[in-house]
Amino acid sequence: MLIMISPEAIRSALTSLRQHDLPTHGGQTLAYVYDSGLAEADALGREALAAYGSTNGLDPTAFPSLLAMEQDLVTLAADLLEGPEGTVGSFTSGGTESILLAVVAARDAHPEITEPTMVLPSSAHAAFHKAAHYFGVRPVLVPVDADTGRAVPSAMAAAIDAKTVLVVGSAPSYAHGVLDPISEIAAAAAVRGVRCHVDACIGGWLLPYLRRDDPTLEPFSFEVSGVTSMSVDLHKYAYTPKGASLLLHRSPELRRAQYFSSARWPGYTMINSTLQSTKSGGPLAAAWAVTRSIGDHGYAALARQVHEGLQLLIKAVNENAELRVVGEPVTSLLALAVRDGAALDVFTLADELQARGWYTQPQLHFEHFPATLHLSLSAATVPRLPAFLDALHASVAAAKAIGSARLPPALIAQLAELNSDELSDAVFDGLVQVLGLSGPAGLELPERMGSINALLDAAPARVREALLVGFVDRLSRPVRKQE
Ligand SMILES: Cc1ncc(COP(=O)(O)O)c(C=O)c1O
């Protein structure tokens with residue numbers, strides 16, 4: 001039963017519910033959140049989010065304020081990303097939605113291709129695999145360079161064929177923060193008359209500013225003639241509240257297939273530019289407010305700040321006898337790995353950092369790349385880097401004292417035989433027990449995630465996926481209790 005509670009009790013519950021969440025501000029959470037450190041911009045974002053929370057972007061003629069703000073943001077982004085006259089765009093809920101729409105538009109622009117494919121560097125974001133899964137566009141994965149982590153344009157060019165509807169590059173990739181050679185990738189696509197999408201969800205609001213300081217940084221945006229669309233997230237390095245990204249197309253013709261309209265039902269005529277239909281105007285208004293509040297000079301300073309932080313961090317990590325940076329990160333993201341032969345476990349290191357108040361994101365081994373810890377620097381992290389480096393040194397020492405992680409041999413054998421299509425509740429319960437994760441209420445996540453990450457790392461990709469579904473399915477089963 002839904003029992004009514006007082007406003008004070010609701011407020012205090014909302015506060016106490018968050019006590020186990022990662023902090024969104026303060027610069028110590030190095031994934032998931034982006035903190036500009038600018039209190040006034042944050043406050044304006046929250047105000048706009050609340051003021052527009054009940055508006056509906058379903059119909060742009062009913063809420064023209066939303067159309068006006070969307071157009072303003074698109075114009076701003078098109079200028080930043082060197083879009084030619086005629087560049088158009090849509091505000092979406094996030095990078096994944098921008099990518100899904102780029103893929104579906106590329107597919108539907110070619111109804112004559114019955115088994116469409118897209119050519120992806122293996123470092124491309126998982127959102128492209130989600131698009132493949134939803135829309136039936138088969139990904140053709142091209143391994144990236146094992147040292148630099150960058151896409152290999154000649155190999156990508158060789159993978160393009162008559163079924164290819166889209167070629168992709170990242171600016172930069174999420175996992176290792178490296179910039180793909182966009183000019184060569186886009187040229188290879190253009191020669192074949194194929195669309196080229198640049199995933200600049202991370203770099204779209206950083207690289208244009210960094211290139212002003214460092215012209216040797218490679219071009220990555222619409223100035224590269226073969227680039228046909230770009231995704232850029234505002235809720236990352238434009239530091240706006242969550243639910244804010246843009247998908248830009250070089251021309252209205254390229255965008256056309258992104259729209260969905262329907263007059264085949266008795267209700268209102270439906271015309272959607274995005275996957276969502278009814279959608280709150282809150283994130284759009286918040287994005288408009290924050291970007292206008294920070295402005296061009298503000299973003300140039302914030303971009304410089306995270307980039308200087310990255311340089312400092314790269315140097316410190318590479319000087320560490322146990323750790324190294326993977327690939328050649330260029331903007332604000334970095335993946336650190338344990339050096340070959342060093343006697344510590346990277347997932348234990350993540351746990352030790354978290355125990356000291358720093359959240360870093362474990363990434364499993366992939367292709368030639370070892371398991372790593374991912375760090376996304378926010379502007380607010382940079383002044384705190386000396387404290388982070390102290391915590392890192394202490395955590396390395398603690399992780400060395402614990403030594404390499406070992407999974408029970410029986411568990412490794414079980415993983416090898418696991419049929420990922422049939423990960424039944426019974427099999428999953430068995431695994432949870434071997435890992436010591438079962439409590440009175442079923443699956444109970446431990447404070448330290450090292451054993452779970454080690455389990456995932458030891459499993460092949462399909463089993464990893466099935467295990468992840470198993471974990472999240474269990475965690476999200478409601479516990480029914482009498483009030
Ligand atoms: C390069 C890149 N593309 C796409 C995405 C997906 O964005 P979102 O999580 O906003 O859906 C991310 C998220 O980190 C990203 O880094």
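# A chat about loops, cores and pockets

Visitor: Hi! Let's start with P172: where does P172 lie?
Guide: P172 sits in the loop between β4 (164-170) and α7 (182-191). Keep in mind that this is a predicted model.

Visitor: Okay. Is the peptide bond from A171 to P172 cis or trans?
Guide: The bond joining A171 to P172 is cis, and its omega is near -5 degrees.

Visitor: New topic, backbone angles. What is phi of Y32?
Guide: Phi of Y32 is near 70 degrees, which is a positive value in a residue other than glycine. Y32 belongs to the loop between α1 (7-17) and α2 (39-51).

Visitor: And is Y32 buried or exposed, or partly exposed?
Guide: Y32 counts as partly exposed because its relative accessibility is 48%, and the partly exposed range runs between 20% and 50%.

Visitor: What about Y239, what phi does that one have?
Guide: Y239 is not a glycine, yet its phi is positive, at about 55 degrees. You'll find Y239 in the loop between β6 (229-233) and β7 (245-249).

Visitor: Buried or exposed, that Y239?
Guide: Y239 is buried, with a relative accessible area of 4%.

Visitor: Which ring does Y239 pair with, then?
Guide: I'd like to begin with another pair and come back to Y239. A search of the whole structure turns up 9 aromatic pairs. In one of them, the rings of Y209 and Y299 have centres 6.3 Å apart and planes at 25 degrees, so this pair is stacked.

Visitor: Which parts of the chain does that pair link?
Guide: Distant ones: Y209 is in helix α8 (residues 207-213) and Y299 is in helix α10, 90 residues apart. Y209 and Y299 are both buried. Now for Y239: Y237 and Y239 form an edge-to-face aromatic pair, at 5.9 Å centre to centre with 85 degrees between the planes.

Visitor: Nice. Why give both a distance and an angle for a pair of rings?
Guide: Because an aromatic pair is described by the distance of the centres and the angle of the planes.

Visitor: Got it. Is Y237 buried or exposed?
Guide: Y237 is buried, with a relative accessible area of 1%. Ring pairs also link Y34, Y237 and Y239 into a cluster.

Visitor: Let's go to the core. Which residues touch the most other members of the largest nonpolar core?
Guide: W205, F388 and L467 touch the most other members, in a core of 116 residues. The largest share of this core is the 17 residues that come from α10.

Visitor: Which residues is W205 in contact with?
Guide: If we leave aside neighbours within four places in sequence, W205 is in contact with L76, A77, L80, V232, L234, Y237, A238, T291 and Y299. Another core lies apart from the largest one and has 22 residues, among them L101, V103, L120 and L247.

Visitor: Why do such side chains sit together?
Guide: Because in soluble globular proteins, nonpolar side chains tend to be buried together.

Visitor: Can we look at A41? Which helix is the place of A41?
Guide: A41 is in helix α2. A41 is also buried, with a relative accessible area of 4%.

Visitor: What does A41 touch?
Guide: Not counting residues up to four places away in sequence, A41 touches V290, S293 and I294. The C-alpha atoms of A41 and A151 are separated by 36 Å, with their places 110 residues apart along the chain.

Visitor: Now the empty spaces! What volume does the second largest pocket have?
Guide: About 660 Å³. The second largest pocket is lined by 34 residues, and L67, E70, G89, S90 and F91 lie nearest its centre.

Visitor: Which elements give two or more residues to that lining?
Guide: They are α3 (64-80), β1 (88-92), β9 (270-272) and α10 (282-319). The largest share of the lining, 8 residues, comes from α3. By class, this pocket's lining has 12 nonpolar, 17 polar and 5 charged residues.

Visitor: How many cavities of 30 Å³ or more does the structure hold?
Guide: The structure holds 1. The largest cavity has about 40 Å³ of space.

Visitor: Last one: which residues line the largest cavity?
Guide: The lining is made of P23, T24, H25, G26, G27, Q28, T29, V33, D35 and S378. These lining residues divide into 2 nonpolar, 7 polar and 1 charged.

Key:
Residues numbered from 1 in each chain as written. Predicted model: local features only at pLDDT ≥ 70, side-chain atom pairs only at ≥ 80, totals over all residues. Heavy atoms only, no water. 1 Å grid on protein atoms, 1.4 Å probe; cavity = no way out; pocket = protein on both sides within 12 Å on 5 of 7 lines; lining within 4 Å. Points joined across faces, edges and corners; volume = space filled by probe spheres on them. Helix = DSSP H or I, 4+ residues; strand = E, 2+ residues; numbered from the N terminus. Nonpolar A, V, L, I, M, F, W, Y, C, P; charged D, E, K, R; others polar. Buried < 20%, exposed > 50% of the residue type's maximum accessible area, 1.4 Å probe, protein only. Core = buried A, V, L, I, M, F, W, Y, C linked by side-chain atoms within 4.5 Å. Contact = heavy atoms within 4.5 Å. Phe/Tyr/Trp six-rings, centres within 6.5 Å; stacked < 30°, edge-to-face > 60°.
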